[in-house]
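Thanks for coming. I will go through one structure today, from the whole chain down to its sheets. Please have a look at it first.

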Amino acid sequence: MIKKQILEIIKQYQRFLIVAHIHPEGDSIGSQIAMANLLKTFGKSVRIINADAVPGNLAFLPGIETVESGIDAAVEDITFDAAVILDCPTLERIGKVKQLLGKGEYIINIDHHISNEHFGNINWVDFKASSVGEMVYGLFKGSNIPLDGASAQCIYVAIMTDTGSFHYSNTTAATHKIAAELLQYNINPTKVYEYIYETKSFETLKLLAEVLSNLQRSKDGKFVWFKVTDAMLKRNKLSHQSTDDFIDFVRMVEGAEVVAFLREVSHGNTVKVSLRSKTDIDVNKLAKHFGGGGHYAASGCVIEKNMEEAEKLLLRQIKKIFQEQKQG
Ligand SMILES: [Mn+2]
């Protein structure tokens, strides 16, 4: 129903801006390009603009050259009637691209975060969807537009990255069915995996080794966490982006129920926390306590404290949640 409504609304506008969240990843970029391709088949004009650049491991995606980043050049000449905002629970998540909105454009919000704030004129929020890629696939089906090879590859990458290569708890039979169909479009899963995950620099692996040798866990082993500081990045000449999937390695720890990644940002005055749950502990709720959010099993927040204090606060809150769970 909502899919049909969105497709009807799309018909009413001509010029579109497609935006995803800051620090875009596979689901954002893959969904954006596929969405743009769909809109183009309707004869619409489309610009894809994000606050931050495309990560290097997605450079192989067909259509990646159409993804713009930063708003300086874009601000001068952009005109659009509607904005499609993908994979963002709040409007703040689009970062400085927000400056391009506010001229009365229609906002189409398509997302799968449980914490979504329904900021659009129309909101399609399906937190059971593995990825926004899966939702864009649904739009293709709903519009009877046949998938093209480029869109199929982009959607495949969106689903693959948001499900951790089909093993996170958001992976369903439907996800696999869609992936099976996408593979008919000449996608090489081995190559795609290699591009996305097996292109790590020597320095990144050295840093990962350092992180893993400093892992910490609670006495009962249910909470496992690790830290990356500015000094560690500097020493290895790396950016934050290169640590994005470190949490996937730490998730492997046997007996861990909640895993946290604390990274120092803003010169040590702020700590960005990524959270993963491997059991029935809702880390969206945990992140919300600190003003963040996300999904039930994967979320994040920002704590405006130094590392030591942020760690203390997080540990205290985790302890409380484990205790509540025991009692409940
Ligand atoms: Mn996503």
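What follows is a short tour of the overall build, the two domains and the two sheets.

This is a predicted model, where local features need pLDDT of at least 70, side-chain atom pairs count only at pLDDT 80 or more, and totals for chains, interfaces and linings use all residues. Residues are numbered from 1 along each chain as its sequence is written.

Start with the whole protein. There are 12 helices and 12 strands; these are DSSP runs, H or I of at least four residues for helices and E of at least two for strands, numbered from the N terminus. The radius of gyration is 20 Å, close to the 20 Å that the globule rule gives for 328 residues, so the protein is as compact as a globular protein of that length. That radius is taken over C-alpha atoms, and the rule is 2.2 Å times the number of residues to the power 0.38. Of the 328 residues, 39% count as buried, meaning that 20 or more other C-beta atoms, placed from the backbone, lie within 10 Å of the residue's own.

Now the domains. The assignment, automatic or from a database, gives domain 1 as 2-197 and domain 2 as 203-327. Their centres, taken over C-alpha atoms, are separated by 27 Å. Nine residues of domain 1 are in contact with nine of domain 2; contact means C-beta atoms, placed from the backbone, within 7 Å.

Next, the sheets. Strands of a sheet pair through backbone hydrogen bonds, either parallel or antiparallel. Here, two strands count as paired if DSSP finds at least two bridges between them.

One open sheet has six strands in the order S3-S2-S1-S4-S5-S6, with parallel pairing. Which strands stand at its edges? They are S3 (67-69) and S6 (122-125), each with a single partner strand, so one side of each is left without a neighbour in the sheet. Inside the sheet, S4 (82-86) and S5 (106-111) pair over five bridges, and Ala83 stands opposite Ile107. Helix H2 (26-41) lies across S1, S2, S3 and S4, at about 170° to S2. Such angles run from 0 to 180 degrees between N-to-C directions, with axes fitted to C-alpha atoms, for helices over the stretch in contact.

The other open sheet of six strands runs S7-S8-S9-S10-S12-S11, and its pairing is mixed. S7 (216-217) and S11 (293-294) are the edge strands. S7 pairs with S8 (223-228) in the antiparallel sense over two bridges, and Arg217 has Val224 as its bridge partner. Helix H12 (307-327) packs on this sheet, making about 160° with S9.

How values were computed
Contact = placed C-beta atoms within 7 Å. Buried ≥ 20, exposed ≤ 12 C-beta atoms within 10 Å, placed from the backbone.
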